[in-house]
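Here is a short report on a two-chain model. It covers burial, cores, the contact between the chains and a few backbone details.

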Amino acid sequence: MQVFSSLLIGIIIVATLPTQVLRALLMVGSVLLSPSGYALDISGASTVQPVAAGLIPLYKARSSEPVRLEGGGSSVGIKDALSGKSQIGMVSRELSDDEKKLLKNTVIGIDALAIIVNSSNPLTNLTKAQLLDIYTGKTVNWSALGGPSRPIVRVSKEVGRSTLELFEHYTGLLSADRLRTDKPSISKEVHIIGSNMEALTLVGGMRGAIGYVSVGTAHAMAKAGMPIKVLTLEGVEPTLDAIKTKRYPVLRPLNLVFIKETPVVTEFLSVALSPPGQDVVKSLGFLAVDQ
Amino acid sequence: MKLSLAQKILLPYAMLGLLMLALLAALFTFNMKERAGSDRETTLREIKSSVQQISARVQNGILTRQDSYAIDAAKAALKVDDLLTKLDQEGGGYDKFRKEFENYLARVVATNSLFLENRVDIGTMQLTQVRGLEMQLDVIMDRDIKAAATESARLVQLGQALQIGALAIFLISITVVTVLVKRNIINPLSGIAGALRGASSDPTKRGAAGGDHIEDIAAQMKVADAKFDRWIFDHQAWKSRLTACVDGTSTEKLDAAAISGDHECDLGKWLHGDGMKFYGGNTAFMQILHEHRELHACAGKVVKLVASGEPTAEPFSTFSQALLRLTLDLNKFKPTVVDR
């Protein structure tokens, strides 16, 4: 009876509080309830990570609560969102049907998979067949493609990265680290890395290297001075227009996934879809959803 | 093989020039090798330093989360890539090292996401492996740097020895050329100069000229040329002098005994003096000497017969024939003295 009375009094107090105060209290509650001690935990795809990093200052302009941002890949984004470790998971691919049943998602931009080589490589274009021959290990030297006589150094991503999944989906090849199937696999003579930045560093650091990364990150880092260049694929350059008109063959959505739309999550999504938020998406070379 | 004067003069110097070129080429090639050895050591040190930079840049990138460190790491790796290509082009055989370096680079770069994405256990394990790889690369570099330094020092020592050797060869060659030039050019030229001095002997000028300077020799040759012409002219004049004597129209008083001697005229003095000294073994010279003696003997005989009122037809005819032969033989012999 005493418990019921206390609860009733509590409800009355909350109902009489102004909205802003209530909102602040909810956010404080979120911080206290969050396993990491942050008001908002975001983790997942390294492709979406720079976008989220660009959105955080906009979010903090509305709320000064602490935010934790971490990479790990799309599979980590899904896992953390499902386990409650993160309120928002970053996923840079289409969600599977099963994932759609368990999670809500908001698409904040569209990305393309860029094939990158070292900036000193004279090659400008690859066909899908050439890309396959390179990654299966059939073509081992750039001279076979009209380039200099230099061994090809393949850079691929670890399992759990949606960039790898997108690459696998496009080429029909599977990572050699996956369980064996009857599908052809990527050569074992490959350097496996995690994030886009790692792929960019390796390709930028070796004249014979080739890799695949998010086009937004590739363009941003090339502009910042990373010695890489983006190749055209089947003669199509991954420009915003080519992505928008779907002429570029390897595209993917940039998702933010969550279980519950808590006030902090709603606030962050609102920031992401706001004009300044979409400017962040565009500034990183991705296609904004309002375009 | 008979060499011309130009060949005798130019050949020793041409050979000396070729030897100089060969020595310079050898020194240049060796210097290039020496420099290549030193360059190789520098390249290896740069590779070692760049590998260390990569590791430091990646660690800073993890700690500060700044993209600029990734760019710096890529550029340092690119430098290693280029330096390894340079070593390969110089015949280095660094394919295996390149593979190990690429493996190291991929591993060290991959620690980035492991730490940033809180996969600390795997990251720590990978970092241990990276340190192991780094040590392997260090060991290879240290070994090669030491070998390159040793080779470089050896080349420096060899280079010094080669320089001393080249200097010695050069000095010996200079000496040989000097001896050859003296034997084949200077000595014969001095001989010619002496002979010319004799041929052009003029009591007022003898000994005044410097000796074997080219201009002196040329001057002497001119004088000798003129002397031969003078001697021929003087002896030709004897024919008209004797004719006047025979005809009784001569106004000069001729001494038969003095005329008979072949030592008194300028040609006679040369024939029995320097001419005999330099051309005594020459048949043509001896023939001239004989003809000159016969000419003076006949002339003396003609003067003596005129004085005693006897006929002079036969000795005069012999004189004329001797004069003709002497004139022809002097003209023939002149180039032997003048153009030698």
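Of the 291 residues of chain A, 44% count as buried. Buried means that 20 or more other C-beta atoms lie within 10 Å of the residue's own; exposed means 12 or fewer, and partly exposed lies in between, with C-beta atoms placed from the backbone. In chain B, buried residues make up 26% of the 340 residues.

This is a predicted model: local features need pLDDT of at least 70, side-chain atom pairs count only at pLDDT 80 or more, and totals for chains, interfaces and linings use all residues. Residues are numbered from 1 along each chain as its sequence is written, while chains are lettered from A and ligands numbered from 1 in the order in which they are written.

**Confidence.** pLDDT is the predictor's confidence in each residue, from 0 to 100. Chain A averages 87, and 87% of the residues score at least 70. Residues 22-33 of chain A stay under 50. The model has 16 contacts beyond four places in sequence for this stretch. Two residues are in contact if their C-beta atoms, placed from the backbone, lie within 7 Å. Where pLDDT is low, the predicted coordinates should not be read in detail.

**Secondary structure.** Helices (H or I, at least four residues) and strands (E, at least two) are DSSP runs, numbered from the N terminus. Chain A has 12 helices and 12 strands. Chain B has 10 helices and 0 strands.

Strand S1 (residues 40-44) of chain A has 5 of its 5 residues buried. Both faces are covered: Leu40(A), Ile42(A) and Gly44(A) lie on one side, Asp41(A) and Ser43(A) on the other. S1(A) runs parallel to strand S2 (residues 67-72) of chain A, joined by 5 bridges. Strands pair if DSSP finds at least two bridges between them. Ile42(A) stands opposite Leu69(A) in S2(A).

**Chain contact.** 20 residues of chain B are in contact with 23 residues of chain A. Helix H2 (67-89) and helix H3 (95-116) of chain B each supply at least two residues of the side that touches chain A. By class, that side of chain B has 12 nonpolar, 3 polar and 5 charged residues. Here Ala, Val, Leu, Ile, Met, Phe, Trp, Tyr, Cys and Pro count as nonpolar, Asp, Glu, Lys and Arg as charged, and the others, Gly among them, as polar.

**Cores.** A nonpolar core is a set of buried Ala, Val, Leu, Ile, Met, Phe, Trp, Tyr and Cys residues joined through C-beta atoms within 7 Å. The largest has 101 residues; Val51(A), Ala114(A) and Leu200(A) are among those with the most contacts inside it. H2(B) gives the most to this core, with 10 residues. A second, separate core of 24 residues includes Trp270(B) and Leu326(B). Leaving aside neighbours within four places in sequence, the contacts of Leu200(A) include Val213(A), Met221(A) and Ala70(B).

**Positive phi.** Two residues of chain A, neither a glycine, are set out below.

| Residue | Phi | Other C-beta atoms within 10 Å | Burial |
|---|---|---|---|
| Glu234(A) | about 55° | 15 | partly exposed |
| Lys246(A) | near 60° | 10 | exposed |

Glu234(A) is in the loop between strand S10 (232-233) and helix H10 (240-244) of chain A. Lys246(A) is in the loop between H10 and strand S11 (251-258) of chain A. In chain B, H3(B) is followed by Asn118(B), whose phi is positive, near 60°.
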